[in-house]
Amino acid sequence: MTLEETGVIMDILTTAYPRFYSGPDAPDMMKTLTLWAEMFARDDVALVAAAVKALIEADERGYPPHIGAVKSKLRLLTSAGEMTEAEAWGIVAKALRNSAYGSREEFEKFPPVIKRIVGSPAQLREWGMMDSETVHSVVASNFQRSYKAIAQREREIAKLPPDVKALVEKISDGKKIDTLPENKPELPKKPEDKPVHAPREKLAAAVSPGTGRSREEVLALLEGK
């Protein structure tokens, strides 16, 4: 989402919550624009707008949604549905029926997270040779506990900014960290983006509450058309 597109999101928020964004205690509009543009730099403006509107519709307290709430709603809107630990074990339990002679073939069918927990085709074959009661009690319990922990960790990593996420993955891979990521992420540059040289007053006017401007109208105002 570019700075100009962030103006569209701010227009939605200032229209829905005019009192919050006006008056002596109102947040600085330029700082707000910049922060939201940085935090949603890699998100599509249409999806961010959908998440914001969904939160506004469900709001019962009269406060505008914060960045964390919008990010959480975005993940919910774009996720394909996370597999539960019981569903993950169901995949393994089904594979165990063919593990005596097809452990490698069954192992290769697993999603990456299940492969990490099972470990190897040999482990799958070993489980298949154990008595059913032990497998579906002790082994199943340990597997589901491990799956739940890994899934929780991946959810937390998914919440991190891309540069911090890359750092975490680098550490997990055992690679040497030469430099730490900068605090301020760089906004992605798109070929179609044009630099904005609008003064603060012009940006504030573009996203002022109650304008009812469309995205195209906001962009045109920022570009001086």
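Let me start with isoleucine 9, which sits in helix 1, the stretch covering residues 3-16. Please keep in mind throughout that what we are looking at is a predicted model. Isoleucine 9 has a relative accessibility of 0%, and because buried means under 20%, this residue counts as buried. If we set aside residues up to four places away in sequence, isoleucine 9 touches Met1, Trp36, Val45, Val48, Ala49 and Val52. There is also a distance to point out here, since isoleucine 9 and alanine 50 are 41 residues apart in sequence and yet 9.8 Å apart in space, taken from C-alpha to C-alpha.

Staying in helix 1, we come to threonine 6. Is threonine 6 buried or exposed? Threonine 6 is buried, and its relative accessible area is 0%. When its neighbours within four places in sequence are left aside, threonine 6 is in contact with Met1, Leu33, Trp36 and Ala37. Met1 and Trp36 therefore appear in the list for threonine 6, as they do in the list for isoleucine 9.Helix 2, residues 29-39, is where we find glutamate 38. At 15% relative accessibility, glutamate 38 also counts as buried, because the cut-off for that label is under 20%. Glutamate 38 and methionine 1 are 37 residues apart in sequence, while their C-alpha atoms are 8.3 Å apart in space.

For contrast, let me turn to alanine 54, which belongs to helix 3, residues 45-58. Alanine 54 has a relative accessibility of 26%, and it counts as partly exposed because that value lies between the 20% and 50% limits. Its C-alpha atom and that of leucine 74, which is 20 residues away along the chain, are separated by 10.0 Å.

Now let me step back to the whole chain. The protein has 12 helices and 0 strands, and the pattern read along the sequence is α-α-α-α-α-α-α-α-α-α-α-α. Of the 225 residues in the protein, 31% are buried. The protein exposes about 14300 Å², and carbon and sulfur atoms supply 54% of that area. If we take the contacts between residues at least 6 apart in sequence, 64% of them join residues at least 24 apart.

That brings me to the nonpolar cores, and one piece of background is useful here. In soluble globular proteins, nonpolar side chains tend to be buried together. In this model the largest nonpolar core has 21 residues, and those with the most contacts inside it are Trp89, Val92, Phe110, Ile114, Val118 and Phe143. Helix 5 (85-96), helix 7 (112-118), helix 8 (121-129) and helix 9 (132-158) each supply at least two residues of this core. Which helix gives the largest share of the core? That is helix 9, from which 7 of the residues come. There is, in addition, a second, separate core of 20 residues, and Ile9, Leu13, Phe40 and Val48 are among its members, so that the isoleucine we began with returns here as part of that core, having already been described as buried at 0% relative accessibility.

Two residues of the largest core are worth following individually. Phenylalanine 143 is found in helix 9, and at 2% relative accessibility it counts as buried. Not counting residues up to four places away in sequence, phenylalanine 143 touches Ala88, Trp89, Val92, Ile114, Ile117 and Val118. The C-alpha atoms of phenylalanine 143 and valine 118 are separated by 7.9 Å, although the two residues are 25 apart along the chain. Tryptophan 89, with its neighbours within four places left aside in the same way, is in contact with Leu96, Val135, His136, Val139, Ala140, Phe143 and Gln144.

Finally, I would like to show how two of these helices meet. The axes of helix 5 and helix 8 come within 9 Å and cross at roughly 75°. That angle makes helix 5 roughly perpendicular to helix 8, because angles from 65 to 115 degrees are given that description. On the helix 5 side the residues are Val92, Ala95 and Leu96, and these meet Leu124, Trp127 and Gly128 in helix 8. What kinds of residue form this contact of helix 5 with helix 8? They divide into 5 nonpolar, 1 polar and no charged.

How values were computed
Residues are numbered from 1 along each chain as its sequence is written. This is a predicted model: local features need pLDDT of at least 70, side-chain atom pairs count only at pLDDT 80 or more; totals for chains, interfaces and linings use all residues. Side-chain values use heavy atoms; hydrogens and water are left out. A nonpolar core is a set of buried Ala, Val, Leu, Ile, Met, Phe, Trp, Tyr and Cys residues joined through side-chain atoms within 4.5 Å. Buried means under 20% relative accessible area, exposed over 50%, partly exposed in between (1.4 Å probe, protein chains only). Helices (H or I, at least four residues) and strands (E, at least two) are DSSP runs, numbered from the N terminus. Contact means heavy atoms within 4.5 Å. Axes are lines fitted to C-alpha atoms, for helices over the stretch in contact, and angles run from 0 to 180 degrees between N-to-C directions. Angles under 35 degrees count as roughly parallel, over 145 as roughly antiparallel, 65 to 115 as roughly perpendicular and the rest as oblique. Ala, Val, Leu, Ile, Met, Phe, Trp, Tyr, Cys and Pro count as nonpolar, Asp, Glu, Lys and Arg as charged, and the others, Gly among them, as polar. Accessible areas come from the Shrake-Rupley method with a 1.4 Å probe; for residues, only the protein chains shown count as cover.
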